[in-house]
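The following note is offered to a colleague who has the model open. The points are arranged by topic and may be read in any order.

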There are 2 protein chains.
Amino acid sequence: MESHYKNHQSSEVPAVCRVCEARHGGVCGTLTPAQLFELNRHSTRRKIDAGNELIGQGELVSHYSNILSGVIKLSKMMADGRQQIVGLQFAPDFLGRPFLCESTMTAEAATDTEICTFPKSLIERLANETPDLERRLHAQSLKELDEAREWMLTLGRKTAQEKVASFLHMIATHIDPENGEQNTFDLPLSRADIADFLGLTIETVSRQMTKLRKDGVIRIENNRHVTVPCLERLNAAAGND
Amino acid sequence: MESHYKNHQSSEVPAVCRVCEARHGGVCGTLTPAQLFELNRHSTRRKIDAGNELIGQGELVSHYSNILSGVIKLSKMMADGRQQIVGLQFAPDFLGRPFLCESTMTAEAATDTEICTFPKSLIERLANETPDLERRLHAQSLKELDEAREWMLTLGRKTAQEKVASFLHMIATHIDPENGEQNTFDLPLSRADIADFLGLTIETVSRQMTKLRKDGVIRIENNRHVTVPCLERLNAAAGND
DNA sequence: CGCGCTCTTGAGGAGTTTCAAGAAATGTGG
DNA sequence: CCACATTTCTTGAAACTCCTCAAGAGCGCG
């Protein structure tokens with residue numbers, strides 16, 4: 001490994017990064033080959049099984065991560081156990097809250113996930129050197145802000161039916177369809193997670209899914225596998241125009 | 001005016017900025033005197049009466065603003081008229097969505113407001129020159145993101161009672177108290193606005209305010225004027241730990 | 001003083017939750 | 001590969017929260 005780093009030409013990007021799924025969409029895309037090498041030297045790839053916690057509410061944040069594959073859920077919990085998912089991050093999103101030491105929420109793998117982790121301090125130094133990186137991080141924050149506000153509208157003003165349809169529509173447009181032809185995918189979240197995301201109970205989510213199925217807006221197989229024959233109908237059920 | 005600008009020494013900040021309420025908290029704080037002069041030349045102060053719209057959903061964003069005084073509400077509307085307030089901005093917050101041309105929401109003055117406006121292009125150029133400014137804008141985005149996620153928990157998982165108490169607690173801690181002794185303030189929002197903020201109806205907000213009053217958690221005069229004898233009791237009513 | 005506006009209060013009803021049970025999918029060990 | 005246990009999801013009935021509709025009270029204003 002050592003020699004590998006010593007021999008590189010500064011115009012080449014590290015081999016690991018060259019084949020990395022998140023390389024262009026992710027936050028590393030703005031870095032120079034030399035910076036990538038430095039980042040690479042301090043980064044580790046990790047697999048995280050569904051349900052495992054990356055970081056807990058109130059813990060110290062020492063690392064940032066790029067999501068290479070899978071879905072991460074960010075959630076907040078009240079003292080009495082009520083829980084709300086406040087964000088879903090898909091590959092190749094960047095995970096971590098700049099400028100803050102203590103996490104205000106829990107990050108947990110919703111599906112089996114692969115991430116690339118690096119120390120907070122290193123990213124912050126690179127961001128100082130590289131305005132493009134700083135801007136990229138800023139852009140991601142703004143994207144998350146837009147999404148959060150979109151969900152505030154959903155949480156505050158939509159009916160259970162519209163909430164569930166909105167969720168399915170979001171997933172349908174964020175997950176790569178397995179099948180080019182039709183819009184078909186596996187839900188990355190359990191009914192309990194969906195409920196926590198939409199501010200509903202499991203039972204209500206289930207009932208609304210059943211209703212959407214009976215109305216022909218979606219098809220469901222094995223509970224997790226969903227097909228959307230017509231995205232526009234789903235969008236209409238979600239209350240969007 | 002012309003001569004004023006010609007005669008300045010580059011180490012002095014413009015007179016208007018020197019007495020500006022938002023100078024240090026706001027986004028201008030990071031700029032050099034020379035940059036402040038340039039910004040100042042292209043900026044205008046405006047007063048906006050309560051209820052007036054700054055920018056509408058779907059309109060083009062050509063200007064950014066610093067809020068000098070007052071409260072601005074950011075809201076989203078559905079096709080059928082249902083509305084949700086997705087953010088409240090207090091002086092000296094910065095108003096505007098970097099990197100985006102079309103506004104995804106409406107910005108409206110909740111109270112009589114004074115702002116300082118400048119063209120989007122100028123701020124973006126200054127942000128390129130000044131990493132500190134870019135970082136300041138980033139920090140503000142992150143603050144808004146944190147607030148949005150906090151409200152997602154409120155919208156999704158709290159009861160009407162807790163929602164109203166949460167709102168009052170937020171206002172109590174964001175508005176400068178008129179009176180050093182006790183926590184007393186004028187609500188910047190009407191019952192209708194509060195309802196749109198909390199995902200409730202006017203009637204429910206009213207009922208919960210009455211209940212909080214009868215329980216002795218708050219005192220109300222003239223509908224708008226609120227006193228909080230004990231912030232901790234209010235916080236408890238809001239469901240926070 | 002009457003008019004309009006905002007806020008409050010009440011009664012009834014719709015939508016969601018709660019509680020409880022059953023069905024379907026998933027995993028385990030023989 | 002099949003019984004059995006476990007988890008996840010669905011369905012039903014009753015209860016409760018919040019909404020809708022309706023009327024009245026309080027306040028500012030011409």
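1. Two definitions serve the description of the surfaces facing the DNA. A residue is near a strand if one of its heavy atoms lies within 4 Å of it. By class, Ala, Val, Leu, Ile, Met, Phe, Trp, Tyr, Cys and Pro count as nonpolar, Asp, Glu, Lys and Arg as charged, and the others, Gly among them, as polar. On this basis the surface near DNA strand D has three nonpolar, eight polar and six charged residues. The model under discussion is a predicted one.

2. Overall form of chain A. The secondary structure of chain A consists of nine helices and 11 strands. Its radius of gyration is 20 Å, close to the 18 Å that the globule rule gives for 241 residues, so chain A is as compact as a globular protein of that length. The C-alpha trace of chain A spans about 60 × 45 × 30 Å along its principal axes.

3. Burial and contacts in chain A. Of the 241 residues, 53% count as buried. Among the contacts in chain A with a separation of 6 or more, 69% are made by residues 24 or more positions apart. Chain A exposes about 11000 Å², of which carbon and sulfur atoms supply 49%.

4. Surroundings of DNA strand D. There are 17 residues around this strand, and Arg191(A), Ser206(A), Thr210(A), Ala160(B) and Thr204(B) come nearest. Of the atoms of DNA strand D that come within 4 Å of the protein, sugar and phosphate account for 63%.

5. Polar approaches to DNA strand D. Which parts of the strand do side chains of chain B approach? A polar side-chain atom of Thr201(B) lies 3.3 Å from a phosphate oxygen of DNA strand D. Bases are approached as well: a polar side-chain atom of Glu203(B) is 3.0 Å from a base nitrogen of the strand, and an N or O atom in the side chain of Arg207(B) is 2.9 Å from a base oxygen. The elements giving two or more residues to the surface near DNA strand D are helix H8 (202–214) of chain A and helix H8 (202–214) of chain B. H8(A) gives the most, with five residues.

6. Surroundings of DNA strand C. Here 18 residues surround the strand, and Ala160(A), Thr204(A), Ser206(B), Arg207(B) and Thr210(B) come nearest. Sugar and phosphate account for 62% of the atoms of DNA strand C that come within 4 Å of the protein. The residues of this surface divide into three nonpolar, nine polar and six charged.

7. Polar approaches to DNA strand C. From chain A, a polar side-chain atom of Glu203(A) lies 3.1 Å from a base nitrogen of DNA strand C. From chain B, polar side-chain atoms lie at phosphate oxygens of the strand: 2.7 Å away for Ser206(B) and 2.8 Å away for Thr210(B). H8 of chain A and H8 of chain B each supply at least two residues of the surface near DNA strand C, and H8(B) gives the most, with five.

8. Helix H7 of chain B. Seven of the eight residues of this helix (residues 191–198) are buried, so H7(B) is largely enclosed by the rest of the structure. The buried residues are Arg191(B), Asp193(B), Ile194(B), Ala195(B), Asp196(B), Phe197(B) and Leu198(B). Their cover includes helix H5 (131–157) of chain A, together with strand S4 (71–77), strand S5 (83–90), helix H5 (131–157), helix H6 (160–174) and H8 of chain B. Just after H7(B), Gly199(B) takes a positive phi of about 70°.

9. Val217(B). This residue lies in the loop between H8 and strand S10 (219–221) of chain B. Its relative accessibility is 6%, and Val217(B) therefore counts as buried. Not counting residues up to four places away in sequence, Val217(B) touches Leu212(B), Val228(B), Pro229(B), Arg233(B) and Leu234(B).

10. Thr130(B). Is this loop residue, between helix H4 (120–129) and H5 of chain B, buried or exposed? At 9% relative accessibility, Thr130(B) counts as buried. Its side chain makes a polar contact of 2.7 Å with the side chain of Gln35(B). Leaving aside neighbours within four places in sequence, Thr130(B) is in contact with Thr30(B), Leu31(B) and Gln35(B).

Methods. Residues are numbered from 1 along each chain as its sequence is written. Chains are lettered from A and ligands numbered from 1 in the order in which they are written. This is a predicted model: local features need pLDDT of at least 70, side-chain atom pairs count only at pLDDT 80 or more; totals for chains, interfaces and linings use all residues. Side-chain values use heavy atoms; hydrogens and water are left out. A polar contact is a pair of N or O atoms within 3.5 Å; within protein, one must be able to donate a hydrogen and the other to accept it, and residues adjacent in sequence count only if both atoms are side-chain atoms. Helices (H or I, at least four residues) and strands (E, at least two) are DSSP runs, numbered from the N terminus. The radius of gyration is taken over C-alpha atoms; the globule rule is 2.2 Å times the number of residues to the power 0.38. Buried means under 20% relative accessible area, exposed over 50%, partly exposed in between (1.4 Å probe, protein chains only). Contact means heavy atoms within 4.5 Å. Accessible areas come from the Shrake-Rupley method with a 1.4 Å probe; for residues, only the protein chains shown count as cover.
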